[in-house]
Each structure stands twice: as structure tokens, then as C-alpha cells.
Amino acid sequence: MRTFPIAIAICLAASASAFAAPPVKTVESEKGNVLAAANGMTLYTYKDDHGGVSSCYDACAKNWPPFMVEGDAMADGAYTIVDRKDGGKQWAKDGMPLYFFIKDKKMGDITGDGVKGEWDVARP
């Protein structure tokens, strides 16, 4: 009889992780704290994105890979999910889709901040 409560606890824990918020954290950079993915890589927003819609595709998305949603994760608080026209789902914070920058190589790199006056580091 004791295994039933344990089984329920395991199921609840598994379902909670399947619907977890985006895997983000705060990392230190030369410009202070920035938002990063779980892998420590800095996240950015693009000023041409409006209304929770990504406008970064093709060559743009090669240089600025979107922070894609994996599995059955769900929106949580300031973190929402936007549908991409290529069929994928992308994380957004405060309605702004989130991206990586291809030239960032290690945790805390912010080489994309201010590029062409259109890209900004995402702040926690």
C-alpha cells in the first residue's frame, strides 16, 4: 500500500517538469546581469519584433538562432511562447521573442549587444 503514494509523487514530479517554465537563468556579463538559457549563453531581443511575433528568419535566424521551446513546456509569468511562421515555437519574455547570437562562445559573452542598433541583451 505504501507504493501507491510514491507512484503518485513520481507522476506529479514528472508532469511538473514537463510543463516547466523556460530553462533560463541570470549570468554576469561585463554590462551586469543578463538573461541566459540553461546552457549559460546570453539571450537577446530584436527591435524589429512586435506584438509577440518574430521577424527573424532565414539568414537572420542563422546568425541569431531563436530560443526554441522544447517538449511540452508552457508559458509562465513574463515568459510566453510565440508561434514561428516556420512551424516552431519560440520563447519570449515580456512579449519579445528571445534569441542567441552566433558569435557568443562562452557564458557571459554579450558580443551581440547593440549590433546594428537592433539587438539588445535580455535582462532578468
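**Exercise 1. In which loop does D58 lie?**

Solution. The model used throughout these exercises is predicted.
Step 1. Find the elements on either side of D58: they are strand 3 (44-46) and helix 2 (59-63), and D58 lies in the loop between them.
Step 2. Look at the surroundings of the residue. D58 has a relative accessible area of 65%. The cut-off for exposed is over 50%, so D58 is exposed.
Step 3. Look at the backbone. The phi of D58 is positive, about 55 degrees, although D58 is not a glycine. As background, most residues other than glycine have a negative phi.

**Exercise 2. Find the loop that holds D94, and decide whether D94 is buried or exposed.**

Solution.
Step 1. D94 is located in the loop between strand 5 and strand 6.
Step 2. The relative accessibility of D94 is 55%, so D94 counts as exposed.
Step 3. Phi of D94 is near 55 degrees, which is a positive value in a residue other than glycine.

**Exercise 3. Describe the disulfide of the protein and its handedness.**

Solution.
Step 1. Count: there is one disulfide.
Step 2. Name the partners. C56 is joined to C60, with an S to S distance of 2.0 Å. In general, a disulfide is a covalent bond between the sulfur atoms of two cysteines.
Step 3. Read the torsion about the S-S bond of C56 and C60. The value is about -105 degrees, so the disulfide is left-handed.
Step 4. Check the accessibility of C56. Its relative accessible area is 0%, and C56 is therefore buried.

**Exercise 4. List the secondary structure elements of the protein in sequence order.**

Solution.
Step 1. Count the elements: the protein has two helices and seven strands.
Step 2. Write them down along the sequence. The pattern reads α-β-β-β-α-β-β-β-β.
Step 3. Add two figures for the chain as a whole. Of the 124 residues in the protein, 36% are buried. Among contacts between residues at least 6 apart in sequence, 60% join residues at least 24 apart.

**Exercise 5. Work out the order of the strands in the sheet formed by strands 4, 5 and 6, and explain what is left open at its edges.**

Solution.
Step 1. The order is 4-5-6 in an open sheet of three strands, with antiparallel pairing.
Step 2. Strand 4 (79-83) and strand 6 are at the edges and have a single partner strand each, so one side of each has no neighbour in the sheet.
Step 3. Follow one pairing in detail. Strand 4 is joined to strand 5 (residues 89-93) by five bridges, and the two strands run antiparallel. Y79 faces K93 of strand 5, while V82 has Q90 as its bridge partner.
Step 4. Look at the turn. Five residues lie between the strands of this hairpin, and G87 takes a positive phi near 95 degrees there.

**Exercise 6. Compare the position of T26 with the pairing of strand 1 and strand 2.**

Solution.
Step 1. Strand 1 (residues 24-29) is antiparallel to strand 2 (residues 32-37), and six bridges join them.
Step 2. These two strands form a hairpin with two residues between them. S29 is opposite G32 in strand 2.
Step 3. T26 is part of strand 1. Its relative accessible area is 43%, so T26 is partly exposed.
Step 4. Leaving out residues up to four places away in sequence, T26 touches N33, V34 and P124.
Step 5. Compare chain separation with distance in space. T26 and M41 are 15 residues apart along the chain, and their C-alpha atoms are separated by 9.9 Å.

**Exercise 7. Describe the surroundings of D104, starting from its loop.**

Solution.
Step 1. D104 sits in the loop between strand 6 (96-97) and strand 7 (119-121).
Step 2. Test for a salt bridge. D104 is buried and has none. The nearest side chain of opposite charge belongs to K105, 8.5 Å away. The cut-off for a salt bridge is within 4 Å.
Step 3. Look for a polar contact instead. The side chains of D104 and Y44 are joined by one of 2.7 Å.
Step 4. Collect the contacts. Apart from residues up to four places away in sequence, D104 touches M41, T42, Y44, D109, I110, T111 and G112.

Notes
Residues are numbered from 1 along each chain as its sequence is written. This is a predicted model: local features need pLDDT of at least 70, side-chain atom pairs count only at pLDDT 80 or more; totals for chains, interfaces and linings use all residues. Side-chain values use heavy atoms; hydrogens and water are left out. Helices (H or I, at least four residues) and strands (E, at least two) are DSSP runs, numbered from the N terminus. Buried means under 20% relative accessible area, exposed over 50%, partly exposed in between (1.4 Å probe, protein chains only). Lys and Arg count as positive and Asp and Glu as negative; His and the chain ends are not counted. A polar contact is a pair of N or O atoms within 3.5 Å; within protein, one must be able to donate a hydrogen and the other to accept it, and residues adjacent in sequence count only if both atoms are side-chain atoms. Contact means heavy atoms within 4.5 Å. Two strands pair if DSSP finds at least two bridges between them. A disulfide is a pair of cysteine sulfur atoms within 2.5 Å.
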